[in-house]
Amino acid sequence: MLIKNIHDWEIPESQATPEHVFLNRRKFMAGLGAGALSIGAGAMGINPLFAAESKDPTMDLYPAKRNMAYKLDRPVTEEELNLTFNNFFEFGSSKRISEEAQKLKTRPWEVKIDGEVEKEITIGIDDLIRKVGIEERLYRHRCVEAWSMTVPWSGFAFSKLVELAKPKSSAKFIRMETFVDPDVASAQKPSVFPWSSQSKWPYVEGVTIEEARNDLAFLVTGAYGKPVAKQMGAPLRLALPWKFGFKSIKSIVRFTFTDKRPISFWEELQPREYGFWANVNPKVPHPRWSQATERVLGTGNRVPTLLYNGYGDQVAGLYKDMKLRPEVLFR
Ligand code: MTE
């Protein structure tokens with residue numbers, strides 16, 4: 001096969017570092033006071049991973065009112081765990097990119113809406129957030145690597161952005177892009193990953209217009225009652241809780257409405273393993289591991305995975321008339 005060990009998903013799930021080992025290692029590193037950033041912010045009594053966010057111009061909107069329609073069947077994952085166990089390949093292929101990700105400058109930040117729309121728009125993130133308003137929702141998050149978390153996200157329904165964009169009837173899909181800045185995101189430099197000659201930054205993801213209009217599709221601006229941390233995808237990321245986590249693209253700069261199905265970053269690299277639909281289904285294994293169960297991070301529990309990650313009532317209807325093979329709809 002052309003691409004070998006391209007990322008952590010290439011490692012059999014059984015060999016991945018259990019999070020308690022990983023977290024203890026991190027606490028040990030923190031105890032050593034590694035890095036000027038940590039020392040400076042630490043001296044001021046601020047969590048170094050939040051230092052930059054204290055200047056966020058939308059801070060007054062947090063914590064946002066919780067929408068009680070979105071409930072969880074398990075406790076919220078500890079914030080520290082969510083802040084220190086991340087997939088953000090622009091900053092490296094390990095889970096420990098949180099400090100590296102602090103280099104990302106999230107203001108000014110413009111979001112472009114273009115393609116098959118009545119009028120193209122470029123809007124500053126703070127104007128966008130104030131225009132549409134935010135709420136809090138509790139969501140599950142299921143990574144293709146067979147671990148899961150639960151997150152109190154803040155943000156707004158994707159449907160509000162679709163409304164703002166005024167798509168033409170020719171628009172069937174939305175293609176989304178993350179920033180490109182190799183000076184900030186060092187893994188975007190050529191030759192950082194052995195596979196980078198085959199990868200094409202930016203990170204790209206896509207959804208159908210119907211998926212974007214589904215009530216569950218959520219554009220995230222915050223988490224844990226404050227603006228979302230950089231390593232989690234500030235200032236704007238997606239949350240699609242019924243799909244594998246790689247669909248939830250981080251730090252979005254562009255939404256393009258199009259009549260063509262977008263090809264995502266991972267699909268381009270490894271189409272047999274990471275498809276466009278990527279809906280969660282315990283009965284459809286990843287080619288190299290089972291998806292029947294998941295490790296709930298921070299609990300030591302392994303629980304059965306649910307069809308559409310437990311959100312079937314809200315989303316199964318989107319796919320009922322599609323005659324797609326399970327390996328296509330669920331991978
Ligand atoms: N978005 C970008 N731009 N780059 C990435 O590497 N990783 C994806 C997704 N969005 C990724 C991304 C994957 S694989 C997952 S599981 C989630 O982000 C992880 O989100 P978290 O770090 O907040 O848990």
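**From a loop residue to an enclosed ligand**

L61 is partly exposed, with a relative accessible area of 26%, where partly exposed covers the range between buried, which is under 20% relative accessible area, and exposed, which is over 50%, as found with a 1.4 Å probe on protein chains only. The model is a predicted one, in which local features need pLDDT of at least 70 and side-chain atom pairs count only at pLDDT 80 or more, while totals for chains, interfaces and linings use all residues. Residues are numbered from 1 along each chain as its sequence is written, and side-chain values use heavy atoms, with hydrogens and water left out.

L61 belongs to the loop that runs between α2 (36-43) and α3 (79-84); helices here are DSSP runs of H or I with at least four residues, strands are runs of E with at least two, and both are numbered from the N terminus. Although 72 residues separate L61 and G133 along the chain, their C-alpha atoms are 8.5 Å apart.

Y62 has a side chain in polar contact with that of T221, at 2.8 Å, a polar contact being a pair of N or O atoms within 3.5 Å; within protein, one atom must be able to donate a hydrogen and the other to accept it, and residues adjacent in sequence count only if both atoms are side-chain atoms. T221 itself is part of strand β7 and, at 3% relative accessibility, counts as buried.

Beyond β7 (218-223), the loop leading to β8 holds Y224, which is not a glycine and yet has a positive phi of about 55°. Y224 counts as buried, at 15% relative accessibility. A comparable case for the reader to inspect is Y308, a residue other than glycine whose phi is also positive, near 50°; Y308 sits in the loop between β12 (301-304) and α8 (312-315) and is buried, with a relative accessible area of 5%. As background, most residues other than glycine have a negative phi, and most peptide bonds are trans.

The peptide bonds deserve attention too. W201 and P202 are joined by a cis peptide bond with omega of about 10°, and P202 is found in the loop between β5 (173-178) and β6 (204-208). Another cis bond, with omega of about -5°, links A234 to P235, which lies in the loop between β8 (226-227) and β9 (237-239).

In helix α5 (residues 158-165), the buried residues include F158, L161, V162 and A165. These four lie on the same side of α5 because they cover an arc of only 100° around the axis, the arc being that of the directions from the helix axis to the C-beta atoms. An α-helix has 3.6 residues a turn, so residues three or four places apart point the same way. After α5 comes K166, with a positive phi near 50°.

The path ends at the ligand, which has 17 residues around it, F89, E90, R237, S248 and K250 coming nearest; a residue counts here if one of its heavy atoms lies within 4 Å of the molecule. Polar side-chain atoms approach the ligand from E90, 2.8 Å from a ligand nitrogen atom, from T178, 3.0 Å from a ligand nitrogen atom, and from R237, 2.7 Å from a ligand oxygen atom. Taken alone, the ligand exposes 530 Å², of which the protein buries 100%, with areas from the Shrake-Rupley method and a 1.4 Å probe.
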